[in-house]
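Me: I am new to this one. Please show me the structure, and then I will ask why things are called what they are called.

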Amino acid sequence: MRFPSQPGLIAGLSLQVTSLERATPFWCAILRPLGFGRTGGGPDHCLWAREGAQILLWERQTPSSGTRLMLRVPDQARVDALCAAGVASGGSLVMKPAARPFAPGHYSGILADPDGIRVELVHAFDDLPAQDGAERVRVPGADGVVLGGYLFRPESTVPRAGVIALHGYGSDATALASDGRDLARAGVVALCLSQRGWLGSTGDEDQGFRQPDDVLAAADWLRREVGLHRVGLLGYSQGGQTALLAAARAGASFDAVVSYFAPTDLAAWRAQAGPGIDDYLDDFVPPERLAACSPVTVASALACPVLLLHGSEDRIVSITQSQALVAANPAVGLHVVEGAGHGVPGEAWAEAWPVARDFLVRTLS
């Protein structure tokens with residue numbers, strides 16, 4: 001049996017069923033089409049394996065009825081087919097196959113085996129999907145990282161300026177496509193990037209530690225490959241944090257920054273935010289990196305025009321985070337979006353987008 005080669009990946013799952021004889025047809029119908037095969041067993045257990053993962057079924061009086069196993073499936077059609085096969089083999093349909101908002105392209109159906117053990121069959125994008133009006137690109141970052149993204153070009157003008165757009169935590173370049181199209185219509189090239197560790201890009205997400213260096217490398221690529229003279233940055237939440245840090249790097253040469261609701265002082269953020277942020281910081285930002293990942297510590301190095309946008313009702317990243325950056329560098333502008341929370345859905349944020357877009361177009365022209 002070969003376990004996953006990378007530390008931290010799940011090597012297997014042990015499940016309890018009340019009857020192997022009754023459960024086996026269901027699990028055969030689900031696991032065999034996905035490449036699992038039975039590699040061992042005995043009167044009270046059966047081991048399924050595929051490459052670095054294993055699923056062990058034990059016959060016990062108490063089933064693992066509170067467990068949900070998620071299995072990746074190659075496409076939506078096979079999600080549908082496996083759900084039908086599972087029902088025909090003794091299982092039941094808990095949730096019919098449908099698109100779900102958990103990840104880009106996420107489409108899944110949920111079954112229950114004869115003991116009620118739930119199995120979610122999932123298809124999701126494994127790379128950035130095509131976008132209308134965009135060229136999919138691979139851009140070199142720092143440390144050998146390769147960044148996936150979309151390049152939107154104006155149709156009717158020869159561009160001399162561009163914007164690198166960066167998403168927030170848990171997202172990717174697909175969330176930036178609408179901004180990219182709108183910037184291109186305004187005559188600006190838009191390079192919408194997935195940050196390291198997210199869909200389409202290599203490396204490990206690092207909460208603003210080396211991500212700013214990826215942005216500097218991407219800017220060099222944009223100037224070289226597209227022939228631009230002026231480059232600005234646009235970032236949302238963690239992407240705004242990355243943009244501010246990149247603009248403050250020694251030797252950086254950016255002409256404008258727009259940052260939406262970004263954390264700027266990670267030590268203060270811990271005290272200001274609601275439940276979950278302190279756990280996030282404990283697990284992903286070592287204490288020795290707090291200052292290096294906090295734009296407020298390098299605020300004086302922000303030499304280009306900077307505009308912050310922040311919702312007055314943000315409960316995830318308090319508006320005091322943007323106010324702290326303005327206090328550290330009074331040249332930084334702050335546009336408060338009244339009544340808005342964290343994230344861009346909603347009428348208030350839709351009305352604020354022209355403020356950000358026009359600031360970039362005006363400053364870069």
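Reply: Start with two helices of this predicted model. Helix α1 (residues 20-31) packs against helix α2 (residues 76-88) at about 170 degrees, and their axes are 8 Å apart.

Me: Why are α1 and α2 called roughly antiparallel?

Reply: Set the angle against the cut-off. Angles over 145 degrees count as roughly antiparallel. The angle here is about 170 degrees. Therefore α1 and α2 are roughly antiparallel to each other.

Me: Which residues make that contact?

Reply: From α1 come F26, A29 and I30, and from α2 come L82, A85 and G86. By class, that is 5 nonpolar, 1 polar and no charged residues.

Me: What makes one of the residues in the contact of α1 with α2 polar?

Reply: Gly counts as polar by the class rule, and G86 of α2 is in the contact.

Me: Now α3 and α9. Why is α3 called oblique to α9?

Reply: The axes of helix α3 (residues 177-185) and helix α9 (residues 347-364) cross at roughly 50 degrees and come within 11 Å. Roughly parallel needs an angle under 35 degrees, and roughly perpendicular needs 65 to 115. The crossing fits neither range, so α3 is oblique to α9.

Me: What is the hand of that crossing, and which residues meet?

Reply: The crossing of α3 past α9 is right-handed. D179, D182 and L183 in α3 meet W353, R357 and L360 in α9. The classes in this contact are 3 nonpolar, no polar and 3 charged residues.

Me: How do you know that α4 and α5 are roughly perpendicular?

Reply: Helix α5 (residues 238-248) and α4 have axes that cross at roughly 65 degrees and come within 8 Å. The range for roughly perpendicular is 65 to 115 degrees. So α4 and α5 are roughly perpendicular to each other. α4 passes α5 in a right-handed crossing.

Me: Which residues hold the α4 side and the α5 side of the contact?

Reply: α4 gives Q211, P212, V215 and L216, while α5 gives Q238, T242, L245 and A246. The count by class is 5 nonpolar, 3 polar and no charged residues.

Me: What makes a space a cavity, and how many are there of 30 Å³ or more?

Reply: A 1.4 Å probe must fit there but be unable to get out. The count is 1 cavity of 30 Å³ or more. The largest cavity holds about 50 Å³ of space.

Me: Which residues line the largest cavity?

Reply: The lining is L147, L166, L193, S194, Q195, R196, Q211, D214 and V215. By class, it has 4 nonpolar, 3 polar and 2 charged residues.

Me: Which helix gives the most to that lining?

Reply: Helix α4 (residues 211-226) does, with 3 residues.

Methods:
Residues numbered from 1 in each chain as written. Predicted model: local features only at pLDDT ≥ 70, side-chain atom pairs only at ≥ 80, totals over all residues. Heavy atoms only, no water. 1 Å grid on protein atoms, 1.4 Å probe; cavity = no way out; pocket = protein on both sides within 12 Å on 5 of 7 lines; lining within 4 Å. Points joined across faces, edges and corners; volume = space filled by probe spheres on them. Helix = DSSP H or I, 4+ residues; strand = E, 2+ residues; numbered from the N terminus. Axes fitted to C-alpha atoms, helices over the stretch in contact; angles between N-to-C directions. Left-handed = near helix turned anticlockwise from the far one by under 90°. Contact = heavy atoms within 4.5 Å.
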